[in-house]
Amino acid sequence: MNKEEHPFPSTGDIARLVHHIQNEWPGLSRGLRQVAEAVCDVKLGEAGSQGCPIYISRSEDLPRVQRIFEKSLSSNQMTTLRLKVLPSDPARIDEHGLLFLPGRYVVPGGRFNEMYGWDSYFIALGLLRQGRVAMARAIADQCLYQVEHYGTVLTANRTYYLTRSHPPFLGRLVLAVYRASGDLVWLKRTLPLLEKFYYYWTVPPHLVSGMNLSRYYDFAQGPAPEVALGEVDEHGRNHYERLRLNLAAGGEYVQDASDFLDPETGALTTRAYHADRSMRESGFDVSGRFGFANLDVLDIMPACLNTLLWRLEVDIAKVRAFLDATASLNVWQERAHQRAAAINEHLWDEEAGLFYDFDGRSGRRRAYPFATTFWPLWAGFATREQAAKIVARLPDFEAPGGLLTSLHPSGCQWDKPFGWAPLNYLAVMGLHRYGYRHEARRIARRFVTLVASEFRRTGMLFEKYDLEGMTSDVTGKIQFGYPTNEPGFGWTNACTMELLDYLGCLGDLDTEQTFTSKITLPPRTVNPAA
């Protein structure tokens, strides 16, 4: 056995892990009947612990929403319900709260008690893997509802997230649900909302003029409420205070600290707060990938986002083909072709053999190896030659517990030594897609081994893991962002199921004595809705 390889979990350990994941979904599910639980928001401290109001879109019908709740809640529950209509300007919200969604969804867990954008894609895959098509479709419907009524798939359904989105996996989600359900009528209803979602990302300020590439951008200014109140360390300092102290001491990778720290007052600048908000749209909060604590994000056109937008262009063309709505098919194919050319010109680094992010301010690629370099393989965008070069760099990213997020230990959770379920899943699917089956299985086995061993030790799954230390214990290892490791955990549950299925570990589990009832799983498919 390779000295870095740890013993793979036994069949019994896998059975107990899968049984736990199956039993976790109800506790992570939210809907109209769970509204009393859903409104609580620990990220807002005492203000959110007693229950926040529920806001509905100005395009919704308040009496209709009230009737919907009356059908689901008792009269006593209705007396505690506080419904409000959103103001036209999110800046005028005087009390933050939950954004109304008409159906069921799944939350990640821990401090994240709301429906998150890119989390929901991976969660839906896990639900589909277990044959829970109706629940996966409900998740897709809530994403589409957000596009219709809130303008995009939000970071999550809280009012303080109204000004930003999340990595755009919506096309992948819709096609995965369609392939499981075969419902063409439903698919037809998704098309205009998919296209509306696409345009959110491909006009300024998200679109960078002259580049045909997009960036992350939050439409609000000032401190993010959930960060100011909810990311406090053991010394009582929130994330912004830790940023300020580090910038004053000369934090690394900052292009110009004066952009973020007022030299006269020592306070964070307007740009610092805007950048901090914008990097949270990326989902990578926090890392050193877009500069120190991601503060250079507004200048950067990321490989992850533009790969996803290429995939969305291809997926919209796929939806149109399924619907025989081919009148503008060539338009979407041409958009994908143009984006591919821009990605190859600006983001592919032939010498490094990696996809990098492009820094518009310096006019060059940002040499910061990151696990998103595997996303073009997962998306099917990379050429065979590019894939071979990326795989040659795979050993740099490997750790005993799977695929590292980056090669740089920055003190941030989205960097070395940490690893995340979705990044490992996407890399495994990408490696498999290009024929690197041995490498894909090795990464999958390592990550599953870590998750299973920590489940055996703690009885829980977590949002992230220390892949070098082979542990879920992150105490004292995270300097920026929130310093905890949240249990639950939606996308870890889902991606673990997908990786176990990929490894062929689920076929005989229904014979295990661990279970009180049989597991029934759909046939295994790799990279659903490719």
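Me: Why is R244 called partly exposed rather than buried or exposed?

Reply: In this predicted model, R244 has a relative accessible area of 25%, and since buried means under 20% and exposed means over 50%, a value of 25% falls in between and R244 is therefore partly exposed. Its partner E241 has a relative accessibility of 27% and counts as partly exposed on the same grounds.

Me: What makes the contact between R244 and E241 a salt bridge?

Reply: The side chains of R244 and E241 meet with a nitrogen-to-oxygen distance of 2.8 Å, and because a salt bridge requires a side-chain nitrogen of Lys or Arg within 4 Å of a carboxyl oxygen of Asp or Glu, the pair qualifies.

Me: How do you know what separates R244 and E241 along the helix?

Reply: Both residues belong to helix α11, which covers residues 239–248, and they are 3 residues apart there, so that about one helical turn lies between them. Elsewhere, salt bridges with shared partners link E5, E398, R442 and R446 into one network, and the search of the whole structure finds 42 salt bridges.

Me: Why does the pair of R277 and D218 count as a salt bridge, with N to O at 3.8 Å?

Reply: The distance of 3.8 Å between the side chains of R277 and D218 is still within the 4 Å that the criterion allows, and therefore the pair is counted. R277 sits in helix α12 (residues 270–281), whereas D218 is in the loop between β7 (213–214) and α10 (225–230), so this salt bridge ties together parts that are 59 residues apart in sequence.

Me: Why are R277 and D218 classed as they are, buried or exposed?

Reply: R277 has a relative accessibility of 6% and D218 has a relative accessible area of 0%, and because both values are under 20%, each residue is called buried.

Me: Why do R30 and E37 fall where they do on the scale of relative accessible area?

Reply: For R30 the relative accessible area is 5%, which is under 20%, so R30 is buried, while E37 at 42% lies between 20% and 50% and is therefore partly exposed. The side chains of R30 and E37 form a salt bridge, with N to O at 3.2 Å.

Me: What makes the protein as compact as a globular protein of its length?

Reply: The protein contains 20 helices and 16 strands. Its radius of gyration is 22 Å, close to the 24 Å that the globule rule gives for 530 residues, and so the protein is as compact as a globular protein of that length. The C-alpha trace spans about 65 × 60 × 55 Å along the principal axes, and of the 530 residues 63% count as buried.

Me: What makes the peptide bonds from P204 to P205 and from K416 to P417 worth pointing out?

Reply: Most peptide bonds are trans. The bond joining P204 and P205, however, is cis, with omega at about 10°, and the bond from K416 to P417 is also cis, with omega near 10°. P205 is in the loop between α9 (184–201) and β6 (207–208), and P417 is in the loop between β14 (402–403) and β15 (418–419). P417 lies 8.0 Å from G469, C-alpha to C-alpha, although the two are 52 residues apart in sequence.

Me: What makes the phi values of A293 and M470 stand out?

Reply: Most residues other than glycine have a negative phi. A293, which is not a glycine, has a positive phi near 50°, and M470, also not a glycine, has a positive phi of about 55°. A293 is placed in the loop between α12 and β8 (300–301), and M470 in the loop between β16 and α20.

Me: Why are A293, M470 and G469 called buried or partly exposed?

Reply: A293 at 1% and M470 at 13% are both under 20%, so each of them is buried. G469, which is in the loop between β16 (465–466) and α20 (490–502), has a relative accessibility of 45%, a value between 20% and 50%, and is therefore partly exposed.

Conventions: Residues are numbered from 1 along each chain as its sequence is written. This is a predicted model: local features need pLDDT of at least 70, side-chain atom pairs count only at pLDDT 80 or more; totals for chains, interfaces and linings use all residues. Side-chain values use heavy atoms; hydrogens and water are left out. Buried means under 20% relative accessible area, exposed over 50%, partly exposed in between (1.4 Å probe, protein chains only). Helices (H or I, at least four residues) and strands (E, at least two) are DSSP runs, numbered from the N terminus. The radius of gyration is taken over C-alpha atoms; the globule rule is 2.2 Å times the number of residues to the power 0.38.
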